[in-house]
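Ready for a few hands-on exercises? Grab a pencil, try each task yourself, and then read through the solution.

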Amino acid sequence: MNKEYVTKKEDVYRIGKTRVSLDSVVYEWRRGASAESIQRSFPALTLEEVYGTIAFYLANEKEINQYLQVGEDEFAALEAESRAHHQAWYERLQKSRRETLVS
């Protein structure tokens with residue numbers, strides 16, 4: 001019997017029939033989280049699905065790393081655009097963070 005743990009719909013990889021993204025599991029795994037820890041973080045997943053997802057990533061590492069890089073690049077572009085359009089808000093946020101750290 002062959003199980004499909006990861007599917008791609010609308011250019012997004014999802015795990016099984018859940019809304020949990022492949023990205024979520026891969027980033028946690030790369031940070032050193034165990035499969036059991038990842039499963040606790042995403043209760044919609046079974047431990048089998050977590051291991052299946054990790055196996056899928058390892059079998060397709062080059063393609064998935066490229067997919068993740070595209071997502072990171074898109075996020076960075078959106079963040080830069082947001083900072084440019086809302087500069088005053090980001091400055092207030094940064095000031096507030098500094099004040100919190102000092103106190």
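Below are four short exercises on this predicted model, each with a worked solution.

**Exercise 1. Work out how helix 1 and helix 4 are oriented to one another: roughly parallel, roughly antiparallel, roughly perpendicular or oblique.**

Step 1: Find the two helices. Helix 1 covers residues 22–30, and helix 4 covers residues 61–85.

Step 2: Look at their axes. These come within 11 Å and cross at roughly 100°.

Step 3: Apply the cut-off. Angles of 65 to 115 degrees count as roughly perpendicular, so helix 1 is roughly perpendicular to helix 4.

Step 4: See who is touching. On the helix 1 side you'll find Leu22, Asp23, Val26, Tyr27 and Arg30, and they meet Ile64, Asn65, Tyr67, Leu68 and Glu72 of helix 4. Sort the residues of this contact by type and you get 6 nonpolar, 1 polar and 3 charged.

**Exercise 2. Find which residue pairs with lysine 3 in a salt bridge, and say where in the chain the two partners sit.**

Step 1: Get the overall count. The whole structure has 3 salt bridges.

Step 2: Pick out the right one. Lysine 3 meets the side chain of glutamate 48, with 3.0 Å from N to O.

Step 3: Place both ends. Glutamate 48 belongs to helix 3 (residues 47–59), while lysine 3 lies in the segment before strand 1 (6–9). With their positions 45 residues apart, this pair links distant parts of the chain.

Step 4: Check the surroundings. Glutamate 48 has 39% relative accessibility, so it counts as partly exposed. Lysine 3 is partly exposed as well, at 46%.

**Exercise 3. Explain how far apart glutamate 79 and arginine 83 are in terms of helical turns.**

Step 1: Count along the chain. The two are 4 residues apart in helix 4, which means about one helical turn separates them.

Step 2: Look at the side chains. They meet in a salt bridge, at 3.8 Å from N to O. The cut-off for a salt bridge is within 4 Å, so this pair makes the list.

Step 3: Add accessibility. Glutamate 79 comes out at 34%, partly exposed, and arginine 83 at 41%, also partly exposed.

**Exercise 4. Decide whether arginine 31 is buried, partly exposed or exposed, then do likewise for its partner glutamate 28.**

Step 1: Confirm the pairing. The side chains of arginine 31 and glutamate 28 form a salt bridge, 2.7 Å from N to O.

Step 2: Take arginine 31. Exposed means over 50%, so at 61% relative accessibility arginine 31 counts as exposed.

Step 3: Take glutamate 28. Its 25% relative accessibility makes it partly exposed.

Technical notes. Residues numbered from 1 in each chain as written. Predicted model: local features only at pLDDT ≥ 70, side-chain atom pairs only at ≥ 80, totals over all residues. Heavy atoms only, no water. Axes fitted to C-alpha atoms, helices over the stretch in contact; angles between N-to-C directions. Parallel < 35°, antiparallel > 145°, perpendicular 65-115°, else oblique. Contact = heavy atoms within 4.5 Å. Nonpolar A, V, L, I, M, F, W, Y, C, P; charged D, E, K, R; others polar. Buried < 20%, exposed > 50% of the residue type's maximum accessible area, 1.4 Å probe, protein only.
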